[in-house]
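Colleague: Pick one pocket of this model and take a close look at it for me. Cover its lining, then what lies around it.

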Amino acid sequence: MNPLFAMVLGLMPVAARAEEPIQYQLSISAAEAAPRITVTMTLRGDADGTTELDLPSNWAGSNGLWRNVGGWRVRGGTISDTAKPEVKRIRHAPHARLTIRYDVTDPDPLPPGADYHKALPWIERDWITLHGEGVIVIPSGGQERPARFGWGRLPAGWRVASDLDTPPADLTANKVATAIFIGGRDLRLIERRIGATPLRLALLGQWAFSDAQLADRALAVISVENAMLGASPIPFLVTLTPLTQPRPTSLSYGGTGRTAGFALTGTPNMPFRDLPRLLGHEYAHRWFKSTGDDDANGYWLTEGFNDWFSAQAMLRTGDWTAARWAEELNAVLKRHTTSPALALTAQQRFDRFWTDQAASQFPYDEGQLTATIIDAALRRSGKPGLLPLLVALNRAGGLGDRARAEAAIEAALPGALATTQAMLTREGLARLTPDLLPCGTIKVESGAPQFTLDPSPIPCPALAGPAPAP
């Protein structure tokens, strides 16, 4: 036999083993105070006999997430600490099959409230909600290794759901670590369909609207946004988890968007009037997601342009009238004009993003106003507006690529992005021209701009125009 051919044959089993998917399983067992959650990983160890594990670390403003996983049990090797608390080391035979089990704990005995940390596991007596970033362990350097996920044993009477229940063909360890997991004794599961594609909802708690209302609005919003970007539907999961109220009038709600799902949270008095926009924003994160470093310096695009896009969707679904669009725009103008974050540098806003409400809101408003002004400038130049440009960007590889987005805007309107962003400073906001936006006028009083909608019978045809052809 050719020696080189023999060597290649000898390497083939090693390569095949290295490509074996990492098996993840999440089990829930009943306990007296709160259920016990156990994650089981099955994988091939590294060739050198040492496999390191990256534990949850920092995400969404929470640090030290490695404290929420523990009780390690390993079959096929011996686990030990390293100099870094977020890294564990396993010694084993080369390419040994490893079975790793660990428990997930909730550091806060109280249910989540308005000041919740979404990175922490929420493990209550009768329900759980988890984000993968806070609970899933990945072999060091193995983010793109193929993976599989399944539910293990569950308490009697429990239901569970994850956006991994219908996994993508290219499921990786990193996608498991950015998934949603929800379960409970009273979890309600609802399904709608966009053609043959399922849209699932998994709901906890009681709300000021019905489950059917939420499902119907989600279906309408998602269908419209798919059409706006010429995108095919994908299997999708929407979860909803209740927050406690320190006072009966306390109101809080928000969401975390993922590629194949999003997780909503809110106090029980979350108004139905605001729900469609929340659904639209979170679903749009299917496309408006960072393709590089996920930092707040890019949120003007992934959050702010998303806000502009989802506002356009509200007009197309009929959830907003043109008057409501103007009302929401004025709220953004006022908030941005009076924001304390205008006095901060870009680096200061970045550093304070997770701890300062004004710094956190700033890129949302800056990005939405940038998109609004760029859209108007494109229309004045005879072009069809911003949406077709976003469609082209999406086809080219994603709406979260800052460099590509900036280059596309620059090519369409040279100098417009820099001019617009300079305009959105404290001095520039006071000099917004009356005819800056279509369908109305801007009047600046005491440095604060206010948009007045044109009272003509069809005031904003451009705002609610048809979606571009796919």
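Modeller: A residue counts as buried under 20% relative accessible area, as exposed over 50% and as partly exposed in between, with a 1.4 Å probe and protein chains only. By that rule Tyr299 is buried, with a relative accessible area of 9%. Phe353 is buried as well, at 4%.

Two notes on the source. This is a predicted model, where local features need pLDDT of at least 70 and side-chain atom pairs pLDDT 80 or more, while totals for chains, interfaces and linings use all residues. Numbering runs from 1 along each chain as its sequence is written, and side-chain values use heavy atoms, without hydrogens and water.

Now the pocket. I chose the second largest one, with a volume of about 230 Å³. Its lining has 13 residues, and the closest to the centre are Asn297, Trp300, Ala346, Arg349 and Glu366. (On a 1 Å grid over the protein atoms alone, a pocket is an open set of points with protein on both sides within 12 Å along at least five of seven lines; a cavity is a set where a 1.4 Å probe fits but cannot get out; lining residues have an atom within 4 Å of a point. Points join across faces, edges and corners, and volume is the space filled by probe spheres set on them.)

Two helices stand out in the lining. α7 (346-351) and α8 (357-380) each supply at least two residues. α8 gives the most, with four. (Helices are DSSP runs of H or I, at least four residues; strands are runs of E, at least two; both are numbered from the N terminus.) By class, the lining has eight nonpolar, two polar and three charged residues. (Asp, Glu, Lys and Arg are charged; Ala, Val, Leu, Ile, Met, Phe, Trp, Tyr, Cys and Pro are nonpolar; the others, Gly among them, are polar.)

Stay with Arg349. It is one of the residues closest to the pocket centre. Its charged end sits over the ring of Phe362, 4.0 Å from the ring centre. (The rule asks for NZ of Lys or CZ of Arg within 6 Å of the centre and within 35 degrees of the ring normal.)

Next, the aromatics. The whole structure holds 16 aromatic pairs. In one of them, Tyr299 and Phe353 meet edge-to-face, 4.9 Å centre to centre, with 70° between the planes. This pair links distant parts of the chain: Tyr299 is in helix α5 (residues 299-317), and Phe353 is in the loop between α7 and α8, 54 residues apart. (Rings of Phe, Tyr and Trp, its six-membered ring, pair with centres within 6.5 Å; planes under 30 degrees apart are stacked, over 60 edge-to-face, the rest tilted.) There is also an aromatic cluster made of Phe236, Phe262, Tyr283, Trp287, Phe288 and Phe309.

Helix α4 (residues 275-284) brings several of these elements together. It is mostly covered, with 10 of its 10 residues buried. Among them are Arg277, His281, Glu282 and Tyr283. Tyr283 belongs to the aromatic cluster too. The cover over α4 includes α3 (211-228), β16, β17 (253-257), β18 (261-266), α5 and α8. (Contact means heavy atoms within 4.5 Å.)

α8 turns up again at a closed space. The count comes to five cavities of 30 Å³ or more. The second largest has a volume of about 60 Å³. α6 (322-337) and α8 each supply at least two of its lining residues. Here too α8 gives the most, with three. The lining includes Leu329, Leu333, Leu369, Thr372 and Ile373. Its classes are nine nonpolar, one polar and no charged residues.

The largest cavity has a volume of about 70 Å³. Phe236, a member of the aromatic cluster, is in its lining, along with Ser162, Asp163, Asp165 and Arg200 among others. β15 (197-203) and β16 (236-242) each supply at least two lining residues. This lining divides into five nonpolar, two polar and three charged residues.

Back to your pocket, in brief. α8 gives the most to its lining. α8 also gives the most to the lining of the second largest cavity, and is part of the cover over α4. Arg349 is among the residues closest to the pocket centre, with its charged end over the ring of Phe362.
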